[in-house]
Amino acid sequence: MIYFDNSATTKVDPAVLATYNQVSEDYWGNPSSLHNFGEKADQLLIQSRRQIASQLGVQPAEIFFTSGGTEGDNWVVKGTALAKRQFGRHLITTQVEHDAVKHSMQRLEELGFEVTYLPVDEEGRIRPDDLRQAIRADTTLVSVMAVNNEMGAVQPLAEVAEILRDYPKIHFHVDAVQGIGKGLHDLIFNDRVDFVTFSGHKFHAPRGVGFIYGRTGKKLMPLLDGGGQERGQRSGTENLPAIAAMAKAVRLLKQNEPQTVATEQELRLNLRDYLQQFTKVHIFSGTGTHFAPHILCFAIEGVKGETIVHAFEEDDIYLSTTSACSSKKGLTSSTLSAMGVDPEIARGAVRISLSDQNTMAEVEQFKRVFAKLYEQFKTLS
């Protein structure tokens with residue numbers, strides 16, 4: 001099997017799974033319990049938080065555990081809007097955000113908030129001047145993703161941060177679900193960024209666990225009330241096995257980041273160079289620092305994306321139609337639409353997303369299968 005759908009989810013690393021199993025077997029006490037067994041669980045929770053913070057160069061008190069990227073995005077967007085509503089009801093995001101941000105914004109619009117959706121250029125990146133012009137006296141949040149999950153564009157976060165230095169009371173949120181471990185640390189952890197969202201299953205940790213970074217002094221309204229876990233910010237008994245496993249995954253990720261980025265970039269560029277030889281192939285992911293090393297989005301003119309996905313599946317190669325969250329709904333890529341791509345071509349878009357576990361041998365096998373299928377697709381187009 002060749003798995004090229006790592007932006008949807010990654011395989012749990014064996015060492016990470018071993019940590020998950022060990023904690024499940026040995027530390028099943030509730031970290032909130034007063035007895036010694038609960039105290040051992042709490043100490044492991046503290047250790048996991050410290051390990052993640054150390055790897056990211058932040059303070060342990062700035063790490064809050066969640067169930068994943070969707071919860072994290074919902075919490076920061078809605079939590080900011082509610083916490084700062086007395087100061088303003090205007091929010092800014094982009095036309096190419098993940099649905100967790102986009103739908104959170106739409107929900108807030110139903111509650112009377114105003115949202116500005118910044119357009120993007122032909123590369124899928126916002127123009128900093130558009131942001132500058134969109135800021136109002138009542139703006140309380142700017143939410144811009146680090147890496148687009150559909151075609152891999154890296155947003156100009158440094159330029160956004162510079163603009164927002166003149167507006168210190170506006171929360172700056174970065175959805176970095178696709179950006180962690182991709183050589184973008186300094187961009188994501190710019191000292192003007194206030195909140196960052198992460199999801200464990202995107203970097204070889206289990207599903208159902210994630211975390212946000214929240215800068216000290218920046219307030220959110222909690223979405224989950226109850227027992228007061230996570231210092232009263234996110235109630236609910238902590239998923240300790242998954243949290244400890246995620247801490248292990250973060251350590252492995254940061255430890256191997258330079259090698260991983262180089263490997264993914266080599267594979268992606270090799271695939272891109274190959275695909276651009278075909279006249280009916282349209283490639284939407286560019287090269288250079290404006291694009292992440294692991295995502296390659298393309299279409300075959302006249303062929304639907306789901307047709308391409310299922311054709312490769314017959315040869316045990318797995319890719320996806322842009323965002324996994326929208327693929328089964330048969331929706332046209334919102335990112336490509338925002339980029340002005342012809343809707344007929346955009347309907348054929350598929351995404352290859354790589355990880356450190358992929359190899360050049362897999363790329364060569366993909367090429368052989370692609371050449372065969374391309375000839376078959378000619379009859380469809």
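## Exercises on a predicted fold

Among contacts (heavy atoms within 4.5 Å) in the protein chain between residues at least 6 apart in sequence, 73% join residues at least 24 apart. Before you dig in: this is a predicted model, where local features need pLDDT of at least 70 and side-chain atom pairs count only at pLDDT 80 or more, while totals for chains, interfaces and linings use all residues. Residues are numbered from 1 along each chain as its sequence is written, and side-chain values use heavy atoms, with hydrogens and water left out.

**Exercise 1.** Work out how many helices and strands the protein chain has, and why it counts as compact as a globular protein of its length.

*Solution.* Start with the tally: 14 helices and 12 strands. Those are DSSP runs numbered from the N terminus, helices being H or I with at least four residues and strands E with at least two. Next, take the radius of gyration over C-alpha atoms and set it beside the globule rule, 2.2 Å times the number of residues to the power 0.38. The chain comes out at 21 Å, close to the 21 Å the rule gives for 381 residues, so it is as compact as a globular protein of that length. Finally, 56% of the 381 residues are buried, meaning under 20% relative accessible area with a 1.4 Å probe, protein chains only.

**Exercise 2.** Find the strand order of the sheet that holds β9, β10 and β12, and say which strands stand at its edges.

*Solution.* The order is β9-β10-β12, an open sheet with antiparallel pairing; two strands pair if DSSP finds at least two bridges between them. β9 (281-283) and β12 (349-353) each have a single partner strand, so one side of each lacks a neighbour in the sheet. From one strand to the next, the twist averages 30°. Now zoom in on β9 and β10 (residues 295-300): 3 bridges join them, and Ile-283 sits opposite Phe-298 in β10. Last, lay helix α9 (residues 257-275) across β9, β10 and β12; it runs at about 15° to β10, with axes fitted to C-alpha atoms, for helices over the stretch in contact, and angles from 0 to 180 degrees between N-to-C directions.

**Exercise 3.** Decide whether Gln-229 is buried or exposed, and which residues it touches.

*Solution.* First, place it: Gln-229 is in the loop between β8 (210-214) and α8 (240-255). Its relative accessibility is 11%, so it counts as buried. Leaving aside neighbours within four places in sequence, its contacts include Ser-32, Arg-234 and Glu-238.

Technical notes: Buried means under 20% relative accessible area, exposed over 50%, partly exposed in between (1.4 Å probe, protein chains only).
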